[in-house]
Amino acid sequence: MSRVFISSVIEGFEEFRRAAKEAVETASMIPIMVEDLNAQPYSSEQVCTKGMQDSDLVLLLLGQRYGSVPDGNDISVTHTEYKGAIKMHKPVLSFVQNIESDPNQSKFLKEVEDYRTGHVRTKFSNSDELKRQIMAALGAWKNSQTSHDATDFRQRVDKALAHERSTARSDDLYAAVAFWGQPEQELNLDEIKCDDEFIYLCKLDIMLLKNGYSNGNTPNGHYKLIHSDTDRFGDTHRAKAIYYDDGLTLLIFTPKCHSRLHICFISPSEFELVVKNALHLNRFNSSWAMLGLYNMKGNVYFAEPVGDTNSTSSNIPFRHGARKQKFCHLFNPMTKGAYLNWVESRINYFKREFGLPANGH
C-alpha cells in the first residue's frame, strides 16, 4: 500500500489533519502523521525526516499560520518538511485554506505556488471539502502511477503514424494530434458512434460532408470508416481520424499544397483550429495528448504564400524548420481548459520557430 506523509502545522489544524487522514485511509493508503508515531529515541526532526523518506507522496496542508520556527532554524517545521520533500523528489499535493494568511505564510505560499518550481494547489474552505479534494487528488495520483510514460506514448504514436503514412509521400508536410487514455483502457470499437465526430469535423471544414462515409472498405470515398480487429478510421483528402482498440486516438491532417511551386503551407489559424477541436475525439477523462508538425524541413510555409506566386518562387521567404516538432503531456484529469491552455502555449512556440508573432505579443 502507498504511504502518504501529511505535513502541516498541528496546533489549531487538528480538524483538517483528521480529514486528511480519513481521506488517505478511504483511498486505501497509509497516512504518516507525526502525532501517530510511537515514542522513539530520536528527535522530532529525525522522525519526520524518516517518515517522509518512507512515504510515496506528501500532502501539504497550508492555513493562516506559518507555524513555529525551531531554535537554530530560519524557517518553520512545515516549510522544512516541504523543502525536504523537494530534495527527496517526492510528489507533493498542496491544499491551501481559503483564508488570509500571515506575512511569513504568504511568502511560503508564493514559493509553493511558483509557476516554474512550485506545485499546483487546491483551495478548501472546510474539512468536508478538503476530504473530498484529497480523495480526488489521490485517485488521480494512483491512476498516474499505472500510466505509460512519455517514451511509451511517443513510441506508440510513432508506430501508428508509420503505419498510416506508409502510402504517403515521405516528405509531405503534415500535422498530427493524438490522445491515449490512461491508465490504458481498451475501446469497444463496436460501440463507437462516429456520426457525431464526423458531422462536428465537417462543420469545421476538416472533413468533407458532401462525400459522406460508410462502414467497411470503401477505397474510393473521401471519408471512410474501416472496422477491423485493430482500428477504425475516417479518411479524407486532407484528414484522417483513427480509433485504435488500445485507446489510442489519432488525427492526421495534411496541409494545402501549391501545385505550381511544389510547396506546402499551413496557416497558424488552421493549425490551431484542427488541434484545439481534436479534443472532441478524445473519450477519456485522463490521457496523454500529443501535437506535432512533421516534415517541416525544406520548401515549407507555415502561412499561405501572399502576393504574386505565378512567376517564380525565388521571391518568397521560405520558412525552414526542423524535421519535426512534437510535444506531449499527460493530463490527469483531462479538462478542456487545461488542454486549450497547453495547446496555445505550444502553438506560440511553433509561431516563434517560424518568425511569426505569438498570441498576446
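This briefing walks through two nonpolar cores, one helix and one pocket. Please keep in mind that the model is predicted. The largest nonpolar core has 29 residues, and a separate core holds 21. Helix α4 turns one face inward, and the second largest pocket encloses about 550 Å³ of space.

**The nonpolar cores**
- Within the largest core, the residues that touch the most other members are Phe179, Phe271, Leu291, Tyr339 and Trp342.
- At least two residues of this core come from each of β6 (174-181), β9 (239-244), β10 (248-253), α8 (268-277), β13 (287-294), β15 (324-331) and α9 (336-353).
- Helix α9 is the top contributor here, with five residues.
- Beyond its neighbours within four places in sequence, Tyr339 contacts Val177, Phe179, Val275, Lys276, Leu279, Ala289, Phe331 and Met334.
- The other core, of 21 residues, lies apart from this one and includes Val9, Phe13, Met33 and Phe124.

**Helix α4**
- In α4 (residues 103-112), Gln105, Phe108, Leu109 and Val112 are buried.
- Viewed down the helix axis, the buried residues of α4 stay within an arc of 105 degrees, so they line one face.
- Pro103, Lys107 and Lys110 are exposed on the other side of α4.
- The packing partners of the buried α4 residues are β3 (57-62), α3 (77-87) and β4 (92-97).

**The second largest pocket**
- This pocket is lined by 27 residues, with Cys48, Pro70, Val77, Thr78 and Glu81 the closest to its centre.
- Two or more lining residues come from each of β1 (3-7), α2 (44-53) and α3.
- By type, the lining comprises 11 nonpolar, 11 polar and five charged residues.

How values were computed: Residues numbered from 1 in each chain as written. Predicted model: local features only at pLDDT ≥ 70, side-chain atom pairs only at ≥ 80, totals over all residues. Heavy atoms only, no water. Core = buried A, V, L, I, M, F, W, Y, C linked by side-chain atoms within 4.5 Å. Buried < 20%, exposed > 50% of the residue type's maximum accessible area, 1.4 Å probe, protein only. Helix = DSSP H or I, 4+ residues; strand = E, 2+ residues; numbered from the N terminus. Contact = heavy atoms within 4.5 Å. Arc of directions from axis to C-beta. 1 Å grid on protein atoms, 1.4 Å probe; cavity = no way out; pocket = protein on both sides within 12 Å on 5 of 7 lines; lining within 4 Å. Points joined across faces, edges and corners; volume = space filled by probe spheres on them. Nonpolar A, V, L, I, M, F, W, Y, C, P; charged D, E, K, R; others polar.
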